[in-house]
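User: Hey, I've just opened this one and could use a quick tour. Can we start with whatever you need to explain first?
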Amino acid sequence: MVIVFFCNTYYIMVLVWGLYFLAHSFTSSLPWATCGHEWNTINCTTNFSRVCFNQSPSHPNNSSLNISAGCLEPTGLRSSVMEFWERKVLRLSGGLDEVGDISGHMVLCLLATWIIVYFCIWKGVKSAGKVVYFTAVFPYLVLVVLFVHGVSLPGAINGIIYYLKPNWSKLSEAQVWIDAATQIFFSYAIGLGALTALGSYNRFNNNCYQDAFILALINSGTSFFAGFVVFSVLGFMAAEQDVDISNVAESGPGLAFIAYPKAVSLMPLAPLWAVLFFLMLLVLGLDSQFVGVEGFITGIMDMLPPKSFIGSLRREVVVAICCFTCFTIDLSMVTEGGMYVFQLFDYYSASGITLLWQAFWECVVVAWVYGADRFMDDVACMIGYRPLPYMKWCWSYITPVVCMGVFLFHVVNYKRLVYNAVYVYPWWGEALGWFLALSSMLCIPLTVLYKLLHCKGSLMERWQHLTTPIWGRHHLEFLPPENEARLLAKAEENKSTLLYESVI
C-alpha cells in the first residue's frame, strides 16, 4: 500500500510532461526543433552533430591534445531540445534546495491528468475495465504505425542491428542485473499490489495460472516490439548526426523527452509523428496510472471499518480524497526544483530496492510460512488442476534467491544519487530518499514484531496462531470436504455457527 501510493504520486508526472509535449506538438513547426524562443539562451543550437575522435591517445596526432576515443558536444553549445526540456518544461533550478516558483501551465496539466484518472476509476473496476479496451488497444495501433514509418527511414537497419546484437561482456556487470531486475519488477507491477487487488475481483474458479503466463508473454512481447520502434528511429537519428548509436540513446525520461523528440524533429511531417508518439505515451501512462490507483483504492476500501464514518463514505468520495492528496504532493514536482524531487521518489520510494525486498518476503511467506504445497492445493482447488512443480521451486528457492541476490548487489554497489551526471544530492536529500524507502520496507518486520507482542501465549503458540490461514465466509463453499468438516466441528465447539451459515 505504501509503495503503490508513492508510485501513484510520482509516476503521473510522466503523463504531465507527455501532455505538455503533446499540447506543443499541434504546431506547424515543433518548438523544440528551433532556437530563438524566449526560453532559449545564446548558446542554443539546432546542429545536433558532435565532434568525434576514433584515434587512441597514443596516436601521433593526439599526443599534444591528449584526447581519447569518443564524442564531445560542441563546446558551450546546448541543443534546442535540451533547452526546451530543462528551461521551458522543467524550468530546472540549481538543486534540491532551490525550490523556486510553481509553473502555472504544469499545474493545469497535472490537474487535467488527475481529473482523467479520477473519472476512469471512480465507479470501480467495471468503469475502468471499459476504459482499458481503448487504452490497451490504441497504443498498439500507434506502435505499428510508428514501426512502419521508422523502418522506412535511412539508417533504421543499423539501429535495429544495434538493438538485436548483444554485448555479452555487460553480463559481468552487477549494475546490468540490478537494472534488469528492477525494470521487469516494475513493468510487471510485482510487489505493487495492483495485480493482487484487481485479481480479487475475479471469480473463484478463474484460471489465474494461465493468466500469469499470458500477462508475461504480452508484457515482454510488447516491450520487445517497442524496442524495434525506438531503435529504428535512433538509428535514423545517428545517421543524420553522423555519430554512433550509443551516443544518441538515452535512458529514463531522457529517452521519451529528449532523444525521441530530437529524432522526431529531424523527420518529414515532424508534428504528425510527435502527436502520435506523445498521444501513445499519454494513453500508455494513463493505463498504468489508473490501474495503480485502482489497486490502492481497493486496499483502502477493504481496510476501512464498514461501520465507521470513513467506511460509510461512498467510493467516489474516497477516490476523490486519494487523488487530491496525491495532487497536493505533486505540486512539489511542478516547481523549478521539481525534477530533483521526482528523481528522489523514483530512485528510492518505488524502485528496485523496495520492490525486491517486498517480493522476497512475499515468496518467503507463501512458500515457507503458509506452505508451497498448501498453496499449490489452493490453486488446484481454484483452477481444477495442479500447476507445474516448477512453480513450487520458483516460490521456494529460485525467486527468493534471485531477489535477495540482486538486492544485496544493489546495496553493495550503492552510489549517491546524481542528476544528469553533474548534480550530487546533498546528505539531507539522500536521508529523505531513505526515509521514503524505509517507510515501506520496515512495514514488514515492524508488523511481525507488533503482532507477536500483542498476541497471547508462548512464542510458539503466538507464531502458530498468527500463521494459521483464515478462510472468508465467501470462500467456505469452495473448501475441500475434509477441511469443511474440521471447521464445522470447531464452530460447534465455539458455539459460533453464524460464521459458517453459508456452509450449513
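Analyst: Sure, one bit of vocabulary first: Ala, Val, Leu, Ile, Met, Phe, Trp, Tyr, Cys and Pro count as nonpolar, Asp, Glu, Lys and Arg as charged, and the others, Gly among them, as polar. Also keep in mind that this is a predicted model.

User: Got it. How many cavities of 30 Å³ or more are there?
Analyst: The count is two. The largest cavity holds about 60 Å³ of space, and the second largest has a volume of about 40 Å³.

User: Let's take the second largest cavity. Which residues line it?
Analyst: Its lining is made of Asn8, Trp114, Val293, Phe296, Cys322, Cys323 and Cys326. Sorted by type, that lining has six nonpolar residues, one polar and no charged.

User: Why is just one of them polar?
Analyst: It comes down to the sorting: Trp, Val, Phe and Cys are on the nonpolar list, so Asn is left to count as polar.

User: Okay, and which helix gives the most to that lining?
Analyst: Helix 11, with three residues. Helix 10 (270-303) and helix 11 (315-330) each supply at least two.

User: Now the largest cavity. What's around that one?
Analyst: The lining residues are Met13, Trp17, Val89, Leu90, Ser103, Met106, Met333, Val334, Thr335, Gly338 and Met339. Helix 1 (2-23) and helix 12 (338-349) are the elements that give two or more residues to this lining.

User: And how does that lining divide into nonpolar, polar and charged?
Analyst: Eight are nonpolar, three are polar and none is charged.

User: Val89 was in that list. Is helix 2 mostly covered or mostly exposed?
Analyst: Mostly covered, with nine of its ten residues buried. Val89 is one of the buried ones, and so are Ser80, Val81, Met82, Glu83, Phe84, Trp85, Glu86 and Lys88.

User: What comes after helix 2?
Analyst: Arginine 91 follows it, and its phi is positive, near 50 degrees. This arginine belongs to the loop between helix 2 (80-89) and helix 3 (104-121).

User: Why would you point out a positive phi?
Analyst: Because most residues other than glycine have a negative phi.

User: Where else is there a positive phi in a residue that's not a glycine?
Analyst: Leucine 269 has one, of about 55 degrees. You'll find leucine 269 in the loop between helix 9 (253-265) and helix 10.

User: Why is leucine 269 called exposed?
Analyst: Because its relative accessible area is 61%, and exposed means over 50%. Arginine 91 has a relative accessible area of 25%, so it counts as partly exposed.

User: Switching to the outside. Which residues make the nonpolar surface patch?
Analyst: Val365, Trp368, Val369, Leu388, Tyr390, Trp393, Tyr397, Ile398, Val402, Val448, Met460 and Trp463 make it, and the patch is about 1200 Å².

User: Which helices feed into that patch?
Analyst: Helix 13 (352-383), helix 14 (389-412) and helix 17 (459-466) give two or more residues. Helix 14 has the largest share, five residues.

User: Pick one of the patch residues for me. Where is tyrosine 397?
Analyst: Tyrosine 397 sits in helix 14.

User: And why is tyrosine 397 partly exposed?
Analyst: Because its relative accessibility is 41%, and partly exposed covers the range between the buried cut-off, under 20%, and the exposed one, over 50%.

Technical notes:
Residues are numbered from 1 along each chain as its sequence is written. This is a predicted model: local features need pLDDT of at least 70, side-chain atom pairs count only at pLDDT 80 or more; totals for chains, interfaces and linings use all residues. Side-chain values use heavy atoms; hydrogens and water are left out. On a 1 Å grid over the protein atoms alone, a cavity is a set of points where a 1.4 Å probe fits but cannot get out, and a pocket is an open set with protein on both sides within 12 Å along at least five of seven lines; lining residues have an atom within 4 Å of a point. Grid points are joined across faces, edges and corners, and a volume is the space filled by probe spheres set on the points. Helices (H or I, at least four residues) and strands (E, at least two) are DSSP runs, numbered from the N terminus. Patches are made of residues with over 30% relative accessible area and no salt bridge: like charges are joined within 9 Å, nonpolar side chains (Val, Leu, Ile, Met, Phe, Trp, Tyr) within 5 Å. Accessible areas come from the Shrake-Rupley method with a 1.4 Å probe; for residues, only the protein chains shown count as cover. A salt bridge is a side-chain nitrogen of Lys or Arg within 4 Å of a carboxyl oxygen of Asp or Glu. Buried means under 20% relative accessible area, exposed over 50%, partly exposed in between (1.4 Å probe, protein chains only).
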